[in-house]
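Subject: Structure for your review

Dear colleague,

Please find the structure below, together with its sequence. My account of what was found in it follows.

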Amino acid sequence: RAPTALHNMGKRQVGVPSIHGALDDFVTKLKRKQLGGGGGSSLALARHTTEVLIHAVAAQQAPTVEGIIQGVRAVSKKLVDARPLELVVGNMCRRVLHIIREEADAQRTGGSGGGGGSEGSSDDGSSDGGEDGDEGGSGRRKMKAFKSEVIEVIGELIEELESVSAHITQQALEHISPQTVVFTSGGSELVESFLREANRKRKFQTIVAEGAPG
């Protein structure tokens, strides 16, 4: 579960070799199409992508928010390049980058009132007070706290992903009327669950188009 992973990350620093190993393994699986590509695995792929990005955030050593964004963007590019047609990967990368920017804006607008002059934020969203050599330790602590906040929000996103299947299935009766014909393509455990839920109280026909060779 996400909370356990978050608690572990809060207690130990994820090193560069660790994220590189996890990233290389994930990219290899993407290229070999061992993840995603139908069969109801899109949600699992979204979760795996987000978990890799959590590690990427935790491993960043940049002293500014913009530096963290650039580091996570570089990891995101590797993931997207591995499977450019797998839209869920790009969508989750953009979502995580959006979370980082949102947290930076929140820190800049709402978190700058409690710590004196060193909390003044720069244009890139960092509040590290690093211009003064004596403030270096304070700046590092602030960036560590910032990354913890970002990781916590990303963890909440993972929890949402884990419950989204049930939420979608619960809406089946709202979208399928009696005696209708439903067209779908390929195999998907989520779509199957959606249709089975509707079939409990609705009579309808389903046509499944298959695009695979043979």
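**Helix packing and a strand pair**

Helix α3 and helix α4 cross in a right-handed manner. Please bear in mind throughout that the model is predicted. On the side of α3, the contact is formed by T49, V52, L53, A56 and V57, and on the side of α4 by V72, V75, S76 and L79. By class, the residues of this contact comprise 7 nonpolar, 2 polar and no charged.

Two quantities are useful when reading such arrangements. A pair of packed helices is described by the angle between the axes and by the distance between the axes. For α3 (residues 42-59) and α4 (residues 65-82), the angle is about 150° and the axes are 9 Å apart. Angles over 145 degrees count as roughly antiparallel, and α3 and α4 are therefore roughly antiparallel to each other.

Helix α3 also packs with helix α5 (residues 87-110); their axes come within 9 Å and cross at roughly 40°. The helices α3 and α5 are therefore oblique to each other. Their crossing is right-handed. In this contact, α3 contributes S42, L45, A46, T49, T50, L53 and V57, while α5 contributes V88, V89, M92, C93, V96 and I100. The residues of the contact of α3 with α5 divide into 10 nonpolar, 3 polar and no charged.

The remaining pair to describe here is α4 with α5. These helices pack at an angle of about 175°, and their axes lie 9 Å apart. Accordingly, α4 and α5 are roughly antiparallel to each other. The residues that meet are V65, I69, V72, R73, S76, L79 and V80 from α4, and V89, G90, C93, V96, L97, I100, R101 and A104 from α5. This contact of α4 with α5 has 11 nonpolar, 2 polar and 2 charged residues.

One residue of helix α5 may serve as a worked example, namely E103. Which residues is E103 in contact with, leaving aside its neighbours within four places in sequence? They are F146, E149, V150 and V153. In addition, the C-alpha atoms of E103 and V65 are separated by 9.7 Å, although these residues are 38 residues apart along the chain.

Finally, I turn to the strands. Strand β1 (residues 181-185) pairs with strand β2 (residues 205-209) in the parallel sense, over 5 bridges. Within this pairing, F183 has I207 of β2 as its bridge partner. Helix α8 (residues 189-199) joins β1 and β2 in making a right-handed β-α-β unit.

When you open the model, I suggest beginning with α3, α4 and α5, and then turning to the strands.

Yours sincerely,
A colleague

Note on methods
Residues numbered from 1 in each chain as written. Predicted model: local features only at pLDDT ≥ 70, side-chain atom pairs only at ≥ 80, totals over all residues. Heavy atoms only, no water. Axes fitted to C-alpha atoms, helices over the stretch in contact; angles between N-to-C directions. Helix = DSSP H or I, 4+ residues; strand = E, 2+ residues; numbered from the N terminus. Parallel < 35°, antiparallel > 145°, perpendicular 65-115°, else oblique. Left-handed = near helix turned anticlockwise from the far one by under 90°. Contact = heavy atoms within 4.5 Å. Nonpolar A, V, L, I, M, F, W, Y, C, P; charged D, E, K, R; others polar. Pairing = 2+ DSSP bridges. Right-handed = clockwise from strand over helix to strand, strands pointing away.
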